[in-house]
Amino acid sequence: MTGGKKILVSGIQPSGTLHIGNYFGAMKRFVELQDEFESFIFVANYHALTSVSDANILAENTRNVILDYLAIGLTPENLFPQSDIPEVTELAWIFNTLITVPYLSRAVAYKEKVEKGLEATVGLFDYPALMAADILIMDADVVPVGQDQKQHVEIARDIAEKFNNRYGETFKLPKAHIMREVATVPGIDGQKMSKSYKNTIPLFATDEEIKKLVMSIVTDSKGEKEKKDVEADTVFALHRLFSETKLAELAERYKNGTIGYKESKEILIKNITSFIGPLRERRNKIARDNKNIFDVIENGRARAQKRARAKMKEVREKVGITF
Ligand code: AQP
């Protein structure tokens with residue numbers, strides 16, 4: 001069934017409008033690796049319930065992420081919504097009986113999200129168990145994620161080991177796949193770009209939005225002719241993603257004090273606009289041509305279900321939930 005290829009699993013939460021941090025941190029890798037690996041890419045709508053409480057918004061966001069996935073070039077057969085696989089939540093419960101509260105308390109993302117004002121629900125705390133189920137149920141070898149999710153993949157490995165020790169060899173131990181150069185994309189305020197921090201540049205932003213957002217990137221107060229630090233500047237961090245061909249020249253001008261932040265931002269606007277424009281058009285076309293986007297990924301849903309069901313049958317037998 002897998003044709004000898006290794007398995008890739010990853011997902012994105014439909015917790016808001018996807019942004020360039022999601023793209024460069026994770027989604028771009030999904031596209032680059034989708035043929036080399038047997039890929040299972042999902043929309044993590046059960047995860048998003050930890051931060052989205054409006055049913056219409058969650059449903060709309062879920063549909064939007066499918067469109068986003070298709071627009072960046074993912075194959076429909078590789079896509080499915082997490083909620084189509086109820087076995088994942090079932091497996092997460094079994095994992096809950098393996099891991100301890102002190103162990104999960106070490107998860108950094110939970111603490112950060114609570115500090116940022118998210119309600120400290122049991123679901124948010126238990127997020128790594130659900131993510132482990134997403135990954136392990138498919139027998140993933142690699143999980144492409146941004147730096148912020150690395151610890152969660154390590155938790156999935158620990159859970160797999162613990163389960164295997166207790167019940168016999170069942171799960172593969174997955175590895176996080178992180179692109180060093182874009183481990184964390186900064187937002188317009190200089191913090192990690194994040195849907196819930198309201199500091200994003202949307203992946204399908206309009207030209208006007210791009211202009212407004214880039215112009216509002218926070219910089220230090222150095223004047224046009226002053227020398228500038230490429231490592232400390234958010235505008236330059238984004239040039240690394242969008243201005244590859246001119247990066248050395250820009251770095252030189254930063255160091256010599258021959259470019260001001262205004263000009264640097266104008267160059268960035270031009271480059272982001274020419275990157276996003278064609279993606280946006282493609283997305284609009286897919287949306288226009290397809291009334292129900294879930295029909296497009298029907299085979300992806302069936303393929304993921306088949307794999308998850310087979311794994312859960314094995315797990316139920318191992319833990320004694322069989323009659
Ligand atoms: N700023 C970022 N830089 C690099 N990678 C990032 N990712 C997110 N932000 C950045 C990566 O995108 C993938 C999907 O993330 P997610 O939606 O599952 O959850 P997240 O990491 O919590 O993403 P956000 O945007 O910060 O969402 P909210 O605000 O809802 O929590 C992951 O691989 C992530 O590493």
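This briefing walks you through the overall build of one protein, its main pocket, its one cavity and a few residues worth finding in the viewer. Keep in mind that the model is predicted. The protein has 323 residues, and 52% of them count as buried. Its secondary structure comes to 14 helices and five strands. The radius of gyration is 21 Å, close to the 20 Å that the globule rule gives for 323 residues, so the protein is as compact as a globular protein of that length.

**Overall build**

- Picture a box drawn along the principal axes: the C-alpha atoms fill roughly 75 × 45 × 40 Å.
- Take the contacts between residues at least 6 apart in sequence, and you'll find that 79% of them join residues at least 24 apart.
- The accessible surface adds up to about 15700 Å², and carbon and sulfur atoms account for 51% of that.

**The largest pocket**

- The volume of the largest pocket is about 1000 Å³.
- Its lining is made up of 47 residues, and if you want to find its centre, look for Gln 13, Asn 22, Lys 113, Lys 192 and Lys 195, which lie nearest to it.
- Which elements supply at least two residues each to this lining? They are strands S1 (7-12) and S4 (142-144), along with helices H1 (20-33), H6 (108-115) and H7 (122-136).
- Sorted by class, the pocket lining has 20 nonpolar, 19 polar and eight charged residues.

**The cavity**

- The count of cavities of 30 Å³ or more comes to one, and about 60 Å³ of space lies in the largest cavity.
- Its lining consists of Ala 109, Tyr 110, Lys 113, Leu 124, Tyr 127, Pro 128, Gln 149 and His 152.
- Helices H6 and H7 are the elements that give two or more residues to that lining.
- You've met Lys 113 already: it lines the cavity, and it is also among the residues nearest the centre of the largest pocket.
- The cavity lining splits into five nonpolar residues, two polar and one charged.

**Two residues with a positive phi**

- Some background first: most residues other than glycine have a negative phi.
- Asp 139 goes the other way, with a positive phi of about 60 degrees even though it is not a glycine.
- You'll find Asp 139 in the loop between H7 and S4.
- Is Asp 139 buried or exposed? Its relative accessibility is 16%, and buried means under 20%, so Asp 139 counts as buried.
- Lys 198 is not a glycine either, and it has a positive phi of about 55 degrees.
- To spot Lys 198, look in the loop between strand S5 (175-177) and helix H9 (207-215).
- Lys 198 has 75% relative accessibility, and the cut-off for exposed is over 50%, so Lys 198 counts as exposed.

**A residue in helix H8**

- Asp 158 is found in helix H8, which covers residues 150-167.
- Why is Asp 158 called partly exposed? Its relative accessible area is 34%, and partly exposed covers what falls between the buried limit of 20% and the exposed limit of 50%.
- Try finding Asp 158 and Ala 132 together: they are 26 residues apart in sequence, and 9.3 Å separates them in space, C-alpha to C-alpha.

Notes:
Residues numbered from 1 in each chain as written. Predicted model: local features only at pLDDT ≥ 70, side-chain atom pairs only at ≥ 80, totals over all residues. Heavy atoms only, no water. 1 Å grid on protein atoms, 1.4 Å probe; cavity = no way out; pocket = protein on both sides within 12 Å on 5 of 7 lines; lining within 4 Å. Points joined across faces, edges and corners; volume = space filled by probe spheres on them. Helix = DSSP H or I, 4+ residues; strand = E, 2+ residues; numbered from the N terminus. Nonpolar A, V, L, I, M, F, W, Y, C, P; charged D, E, K, R; others polar. Rg over C-alpha atoms; globule rule 2.2 N^0.38 Å. Buried < 20%, exposed > 50% of the residue type's maximum accessible area, 1.4 Å probe, protein only. Contact = heavy atoms within 4.5 Å. Areas by Shrake-Rupley, 256 points an atom, 1.4 Å probe, with all protein chains shown as cover.
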